[in-house]
Amino acid sequence: MSDHLMVFPDRDDADRIAEDLRDEGFTEVRVVREALAGEDDGEDHEWAVHVREEMVADESGAVEQGLRERFAALAEEHDGWYDPEPSPRD
């Protein structure tokens with residue numbers, strides 16, 4: 001299994017990216033409101049796209065590394081950031 005988290009300041013970007021990833025066949029993609037450290041105001045929370053891909057069976061790690069690079073570039077392209085080791089979510 002492979003977990004990824006991209007965080008965006010704009011909900012429309014997060015929704016569009018999540019929809020594109022679902023269309024590509026990723027098994028689980030969710031948009032969630034992400035409270036960042038030090039932010040008390042709910043309006044300051046950003047939008048996160050959480051991707052959990054159960055079909056990654058890659059002992060060498062090459063596929064997961066490729067996904068990390070792709071998601072990091074995608075986040076940067078939309079003024080967001082990529083968390084390489086997201087905490088587990090239910």
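Where do R16 and D13 both lie, and how many residues apart are they? Both sit in helix α1, 3 residues apart, or about one turn of the helix. Keep in mind that this is a predicted model, so every number here is computed from predicted coordinates. The rundown below starts with strand β3, moves on to the core and helix α1, and finishes with the charged pairs and a couple of long-range neighbours.

**Strand β3**

- Of the 8 residues in β3, 8 are buried, so the strand is largely enclosed by the rest of the structure.
- Its side chains split two ways: E46, A48, H50 and R52 point one way, while W47, V49, V51 and E53 point the other, and all of them are buried.
- On one side of the pairing, β1 and β3 run antiparallel, linked over 7 bridges. Within that pair, L5 stands opposite H50 of β3.
- Strand β2, covering residues 28-34, is also antiparallel to β3 and is joined to it by 7 bridges. Here V31 is the residue standing opposite V49 of β3.
- H50 belongs to β3, and its relative accessibility of 0% is why it counts as buried.

**The nonpolar core**

- The largest nonpolar core has 16 residues, and the members touching the most others are M6, L21, V49, V51 and F71.
- Four elements each supply at least two residues of this core: β1 (2-8), α1 (11-24), β3 (46-53) and α2 (62-77).
- As general background, nonpolar side chains tend to be buried together in soluble globular proteins.
- V49 is a good residue to click on. Leaving aside neighbours within four places in sequence, V49 is in contact with H4, L5, M6, F8, A14, A18, L21, V29, R30 and V31.

**Helix α1**

- The 14 residues of α1 should span 20 Å at 1.5 Å a residue, and the end C-alpha atoms are indeed 20 Å apart, so the two values agree.
- Which residues of α1 are buried? They are D13, A14, I17, A18 and L21.
- Looking down the axis of α1, these buried residues fall within an arc of 125 degrees, so they line one face of the helix.
- A general point helps here: an α-helix has 3.6 residues a turn, so residues three or four places apart point the same way.
- The buried residues of α1 pack against β1, β2, β3 and α2.
- Turn the helix around and you find the exposed residues D12 and D23 on the face away from the buried side of α1.

**Salt bridges**

- The count comes to 6 salt bridges. As a general rule, side chains of opposite charge can pair when their charged atoms come close.
- R16 and D13 meet through their side chains in a salt bridge, with an N to O distance of 2.6 Å. R16 is partly exposed because its relative accessible area is 39%, whereas D13 is buried because its value is 16%, under the 20% cut-off.
- R11 makes a salt bridge with D15, and their closest N and O atoms are 3.5 Å apart. This pair also lies in helix α1, with R11 and D15 4 residues apart, about one turn of the helix.
- Are R11 and D15 buried, partly exposed or exposed? R11 counts as partly exposed at 45% relative accessibility, and D15 is partly exposed too, at 30%.
- E28 pairs with R30 in another salt bridge, where the closest N and O atoms are 3.4 Å apart. E28 is partly exposed with a relative accessible area of 22%, and R30 is partly exposed at 23%.

**Far in sequence, but how far in space?**

- H50 and A14 are 36 residues apart along the chain, and their C-alpha atoms are separated by 9.8 Å.
- A72 and L5 are 67 residues apart in sequence, with 9.2 Å between their C-alpha atoms.
- A72 has its place in helix α2, and a relative accessible area of 29% makes it partly exposed.

Notes: Residues numbered from 1 in each chain as written. Predicted model: local features only at pLDDT ≥ 70, side-chain atom pairs only at ≥ 80, totals over all residues. Heavy atoms only, no water. Core = buried A, V, L, I, M, F, W, Y, C linked by side-chain atoms within 4.5 Å. Buried < 20%, exposed > 50% of the residue type's maximum accessible area, 1.4 Å probe, protein only. Contact = heavy atoms within 4.5 Å. Salt bridge = Lys/Arg side-chain N within 4 Å of Asp/Glu carboxyl O. Pairing = 2+ DSSP bridges. Expected span 1.5 Å × (residues − 1). Arc of directions from axis to C-beta.
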